[in-house]
Amino acid sequence: MNYAEARQRKSDKRWDWTTKNGRVWPTGYCAGWIVWTPELAARVSLPLAVLQAEQTKEQPYRAKYHTDGHESREDAERCFYEYSLDHLKTVTMARHRVPCVFPGCAEWTQTALESPGMGGLFPLVELCAEHCTRAAVERIHPFGGGLRLIHS
Ligand SMILES: [Zn+2]
Ligand SMILES: [Zn+2]
């Protein structure tokens with residue numbers, strides 16, 4: 001199991017958004033910008049070209065990646081909240097239609113927005129074409145402290 005939450009560093013008392021599975025490592029923007037080399041790719045057992053292609057998609061967010069941590073738990077949580085909003089993916093549900101979850105909307109939809117990775121912050125937010133936006137997800141899931149995620 002992976003346990004994701006903001007954790008304080010022992011070294012300088014700064015806060016990172018992290019995942020723990022045996023060891024603890026910073027994730028999201030707190031992980032810092034990685035320049036993939038053949039050696040690093042070998043260490044995570046993935047093809048270098050795949051990792052570099054993924055990284056190319058991240059270029060627009062490059063400036064948000066950092067390794068200097070945050071002043072507080074809440075700041076680290078906000079960092080991950082922002083990361084989750086920046087990386088929303090559109091999902092089409094082929095088999096069924098559901099009501100849009102935007103407050104006051106009665107449209108039926110087959111689309112949803114989802115945060116990246118397993119067990120992300122916003123699992124499948126069903127929204128109609130009009131409400132299928134980052135702003136709608138922010139409104140439905142406003143930032144709240146005490147973020148914690150568990151996923152396999
Ligand atoms: Zn951060
Ligand atoms: Zn709607």
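A residue counts as buried if 20 or more other C-beta atoms lie within 10 Å of its own, as exposed if 12 or fewer do, and as partly exposed in between. Let's try that on Lys64 in this predicted model. Lys64 has 15 C-beta neighbours inside 10 Å, so it counts as partly exposed. You'll find Lys64 in the loop between α2 (48-57) and α3. Gly32 sits 32 residues away from Lys64 along the chain, yet their C-alpha atoms are separated by 8.5 Å.

Now for the whole chain. Of its 152 residues, 21% count as buried. Its C-alpha atoms fill a box of roughly 50 × 35 × 30 Å, taken along the principal axes. The secondary structure comes to four helices and nine strands. If you start at the N terminus and walk along, the elements come as β-β-β-α-α-α-β-β-β-β-β-α-β. Take the contacts between residues at least 6 apart in sequence: 52% of them join residues at least 24 apart.

**The open sheet**

One good place to look is an open sheet of four strands, in the order β3-β2-β1-β9 and with antiparallel pairing. β3 (23-26) and β9 (148-151) stand at the edges with a single partner strand each, so one side of each has no neighbour in the sheet. On average, neighbouring strands here are turned by 35° against each other, direction ignored. As a general point, strands of a sheet pair through backbone hydrogen bonds, either parallel or antiparallel.

Strand β1 (residues 2-8) is joined to β2 (residues 15-21) by six bridges. Within that pairing, Gln8 has Trp15 as its bridge partner in β2, and Arg7 stands opposite Asp16. On the other side of the story, β2 and β3 also run antiparallel, with four bridges between them. There, Asn21 has Arg23 of β3 as its bridge partner.

Both of these pairs form hairpins, and in each one a residue takes a positive phi. Here they are:

| Hairpin | Residues between the strands | Residue with positive phi | Phi |
|---|---|---|---|
| β1 and β2 | six residues | Lys13 | near 65° |
| β2 and β3 | one residue | Gly22 | near 80° |

**A helix across the strands, and the cores**

What lies across β1 and β2? That's helix α3 (residues 73-86), which runs at about 70° to β2.

This helix turns up again in the largest nonpolar core, which has 11 residues in all: Ala6, Trp15, Trp17, Tyr29, Cys30, Ala76, Cys79, Phe80, Tyr81, Tyr83 and Leu121. β2 and α3 each supply at least two residues of this core. Which element gives the largest share? It's α3, with five residues. In soluble globular proteins, nonpolar side chains tend to be buried together.

To see how one core residue is surrounded, try Ala76. Leaving aside its neighbours within four places in sequence, Ala76 is in contact with Ala6, Trp15, Asp16, Trp17, Cys30 and His70. Two of these names have come up already in the β1 and β2 pairing: Trp15 is the bridge partner of Gln8, and Asp16 is the residue opposite Arg7.

There's also a second, separate core of nine residues, and its members include Leu88, Phe102, Leu113 and Ala136.

Technical notes
Residues numbered from 1 in each chain as written. Chains lettered and ligands numbered in written order. Pairing = 2+ DSSP bridges. Axes fitted to C-alpha atoms, helices over the stretch in contact; angles between N-to-C directions. Contact = placed C-beta atoms within 7 Å. Core = buried A, V, L, I, M, F, W, Y, C linked by C-beta atoms within 7 Å.
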